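Hello,

I am passing this structure on to you. Please open it and keep it beside this email while you read.

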Amino acid sequence: MLPYSLLYPQTNTARRAVKLDGMWKFSLDPQTQGEREGWPQGLPTQERIPVPASFQDFFTDKDTREYAGDFWYETKFFLPREWAGKRLFLRFGSVTHRAVVYCNGVEVARHQGGFLPFCADITAAARLDQENTLVVKANNELTETNIPCGRTITLKNGKKMAKPYFDFFNYAGIHRSVHLLALPQASIQDVSLTFALEERAAQVRYTVDCAPGCTVALSLLDAQGNLAASGEGTEGVLTVKEPRLWGVRDPYLYRLVVTLFQGDQLADQYTLETGIRTVEVRGAQILLNGKPVYLKGFGKHEDSDLFGRGFNPAALKRDFELMKWMGANSFRTSHYPYAEEVYQMADREGFLIIDEVPAVGMFESLMNFFDATTGKQSGFFGKETTPQLLQAHLQAVEEMIARDKNHPCVVAWSLFNEPETTNENAVPYFEQIFARARELDPQQRPRTFALIGNSTPETCKCVQLSDFVCLNRYYGWYNQGGYEISDAEENFRKEMDGWQARGLHRPFVFTEYGGDTLSSKHKLPSVMWSQEYQREALEMLHRVFDSYDFVQGEQVWNFADFQTGEGIMRVNGNKKGVFTRQRQPKDAAFLLKARWESIPHTGWEKSPGAKQGE
């Protein structure tokens, strides 16, 4: 079994999955004394906090909120005797940013990377019919050799402090559910699917990774539970006649039941929800099931009150209801893969996801959102530590694609957010990341990255690798804001003309645009930070989008206000949200709702050379 789990936990006739979520013991370890004092066997503290959640927002002291270093969790779990003979695992949805796991004092796993799952094999360390002790040592320090990038400094008082190269708070903790798994000795380890559409049928090609010496049977069931196709073997093709396709805001899900046999005995079983659909880039269009789709939606964050970056099912439900109300059809998982439950919801609601690896902060700046607009260059990929960073990045790409490759909602991979691309050192680095993503994805989805402001038509050396181009642009905010907005529009059009002249002949999607707005601020005439100005800036940006036929999407920044570090550019967080952090609309939400409801979810084509915004 791979060190990370490919399959989301489920309980069925062959498998058992028990959540260990709840109140766990918790302790910071600023003196790194945990190992010396025997904490792997159990924590001396009685302090408890919720899992899953970030730890920073529960306490009232600033030292805890800003803490950087090691921190520890502990819980107990009971293993029933009837699980004898099973392979036993602990599956962590994510621990930010690195973790060491102990079961009954025995180290059972290590993992680096704070946004993807990993497994610990506890078969040898756990005790049946007894209470077991689970301890996790985590660490949230930032470096230039792991993603997301940043650095960790030590203040004069001896306390460490994280210095992100990114503009969101460095929340940390056990952010997603922890499962106790009991799996059969011979098990299904992975399933991969690809799709091809014919005139009145669909070909579903499958590959099953499983224990050797077993036989495999597959049944594809429609939404009513009727058999749509069946097959045998570890690889093959299922032919579905008159298929119902998975569409944008019109989803249809089949259930693929994979059964593993040893002789005539059932050994394992796994059920995978899937949607039949194809995605491709053709010319300057993004096609879903052969029809053009214009992306309407958001950049988001996993960020909510009290939970921080921890999985919050209440926020998940509210967010999808608000996106549906807006007429949106898509979002980007900026700037890391989200909890698996988010993708499951998107599968069921028919939303398109640009799935982003945690490759953010690859521009050496504590204010990258500002520095990049001034043309600053950092030569980020020419350092002695770059080979270490590359290995961490490649591993994260592998883990993300392994986890998310079967979700119909995932239509593209975003492999960087706002990296430095103006130096030749970036090119071989980018080439390896893009090539690995193509190699890993059986569905060959489009690959892209989000270009920072200084990655212009004249300076960007890596844009040609993208199957479609994602631009993060803040004309009217970081560039010529306020009364200078007329110059901002002129300069924006000049840049877009430059992209057109470069002749890339592929779609462009705006994955960030907008400006900070205080929900309490109204002023006539407008000033920056007022709700009136946010509307005016969006209207200007939309005029430019509508003037170029190769623009095929807009994902405003941001869905909701979110927490950042302290600074003179941030008023208790980033306020670019269309909604407040409490998920209430600002005026701009109504402007976007009217616009997006006028654009069909699929089948909308701009006329070539359209200048409808002028």
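**A three-stranded sheet**

Strands 22, 23 and 24 form an open sheet, in the order 22-23-24, and the pairing is antiparallel. Please bear in mind that this is a predicted model. Strand 22 (279-282) and strand 24 (291-292) are the edge strands, each pairing on one side only. Strand 22 is joined to strand 23 (residues 285-288) by four bridges. Look for Glu 280: Leu 287 in strand 23 stands opposite.

**A hairpin**

Next, go to strand 11 (residues 150-154) and strand 12 (residues 160-164). They run antiparallel, with five bridges between them. One pair to find is Ile 153 and its bridge partner in strand 12, Met 161. The two strands form a hairpin, and five residues lie between them. In the turn, Gly 158 has a positive phi of about 90°.

**Two cores**

The largest nonpolar core has 112 residues. Which of them touch the most other members? They are Phe 298, Met 362, Phe 416 and Met 496. Take Phe 416 as a place to start. Leaving out residues up to four places away in sequence, Phe 416 touches a set of residues including Glu 356, Met 362, Phe 381, His 393, Tyr 429 and Phe 449. Another core, of 34 residues, lies apart from the largest one. Among its members are Trp 24, Leu 90, Val 95 and Ala 126.

**Two helices**

Now turn to helix 7 (residues 485-502) and helix 8 (residues 531-545). Their axes come within 10 Å and cross at roughly 25°. The angle is under 35 degrees, so helix 7 is roughly parallel to helix 8. The crossing is right-handed. On helix 7, the contact residues include Ile 485, Phe 492 and Met 496. On helix 8, they include Tyr 533, Met 540 and Phe 545. Met 496 thus appears in two places: in this helix contact, and in the list of core residues that touch the most other members.

**A loop residue**

Last, Thr 234. Where is it found? Thr 234 sits in the loop between strand 18 (227-232) and strand 19 (235-241). Is Thr 234 buried, exposed or partly exposed? Its relative accessibility is 35%, so Thr 234 counts as partly exposed. Beyond residues up to four places away in sequence, Thr 234 touches Tyr 206, Thr 207, Val 208, Cys 210 and Val 216. Ala 437 is 203 residues from Thr 234 along the chain, and their C-alpha atoms are separated by 23 Å.

Best wishes

Technical notes. Residues numbered from 1 in each chain as written. Predicted model: local features only at pLDDT ≥ 70, side-chain atom pairs only at ≥ 80, totals over all residues. Heavy atoms only, no water. Pairing = 2+ DSSP bridges. Core = buried A, V, L, I, M, F, W, Y, C linked by side-chain atoms within 4.5 Å. Buried < 20%, exposed > 50% of the residue type's maximum accessible area, 1.4 Å probe, protein only. Contact = heavy atoms within 4.5 Å. Axes fitted to C-alpha atoms, helices over the stretch in contact; angles between N-to-C directions. Parallel < 35°, antiparallel > 145°, perpendicular 65-115°, else oblique. Left-handed = near helix turned anticlockwise from the far one by under 90°.
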